[in-house]
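Q: Please show me how to read a few features here, one at a time.

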Amino acid sequence: MIYPVAEKFLSINGEGARAGELAVFVRLRGCNLHCGYCDTMWANTQSAAAVMMTENEICDFADGTANVTITGGEPMLHDLAPLCKALIKKGHNVEIETNGSVSIEELASKPYRPSFTLDYKLPSSGMEAKMCLDNYAYINENDTVKFVAGSRDDLGRALEIIERYALVGKCKVYLSPVFGSITAAEIVEFMKDHSLNGVRVQLQLHKYIWEPEKRGV
């Protein structure tokens, strides 16, 4: 299989269950959404610059690093099964960062199953209607559902989804602020007001360690 790699680099996971740990990032070209706060718009079109790589070439690049995060764009627009199989057979922990609009059913049923971090696009993203809610039937304790909130209304909607799909206990659940739109303190106050046990607030570490718009970190 050939994959259009818009960017690849070694850094730390800025968010998710392995935040702070070293990881190789493989960013695939192309996305089916257009979120208002997207910080990787440059990689989202089919004409974006990319290097074509096989799963074996990506494995070679990831050699020596335990964690591999496949992101985008929207990586689930590509056939990830061969890549996940190759990486997992090599001993890597593979995480797929997906925008939540594409079904994970088939990949989640594979013998070489990665972990998934699914976004739920809240109203301020402009993309909430695109969410594939059937995905919540295929997640488990190794997976994460992430809500990136830009307003108090977003937080209220996140609470509705968390409760409707009983996400706490089924998977990891994170609330994160849209950088520069809402403070982490506001999210913490919301969590306190609604007794959100089992939910974690999370910041994008890479945007605090480096300049927020810096690539390759």
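A: Start with the vocabulary: helices (H or I, at least four residues) and strands (E, at least two) are DSSP runs, numbered from the N terminus. The model is predicted, so local features need pLDDT of at least 70, side-chain atom pairs count only at pLDDT 80 or more, and totals for chains, interfaces and linings use all residues. Residues are numbered from 1 along each chain as its sequence is written, and side-chain values use heavy atoms, with hydrogens and water left out.

Q: Where is the place of His78?

A: His78 is in the loop between strand E4 (67–71) and helix H2 (81–89).

Q: Which residues is His78 in contact with, leaving aside neighbours within four places in sequence?

A: Contact means heavy atoms within 4.5 Å. By that test, His78 is in contact with Tyr3, Pro4, Leu28 and Arg29. The His78 side chain also reaches the backbone oxygen of Arg29 at 3.0 Å.

Q: How many disulfides does a search of the whole structure find?

A: A disulfide is a pair of cysteine sulfur atoms within 2.5 Å. The search of the whole structure finds zero. For Cys59, the nearest cysteine sulfur is that of Cys84, 10 Å away. That is too far for a bond.

Q: Is Cys84 buried or exposed?

A: Buried means under 20% relative accessible area, exposed over 50%, partly exposed in between (1.4 Å probe, protein chains only). Cys84 is buried, at 0%. Cys59 is buried too, at 6%.

Q: And what about Tyr208 in helix H6?

A: Helix H6 covers residues 206–209. Tyr208 counts as exposed because its relative accessibility is 52%.

Definitions and conventions
Polar contact = N/O pair within 3.5 Å; in protein donor to acceptor, adjacent residues only side chain to side chain.
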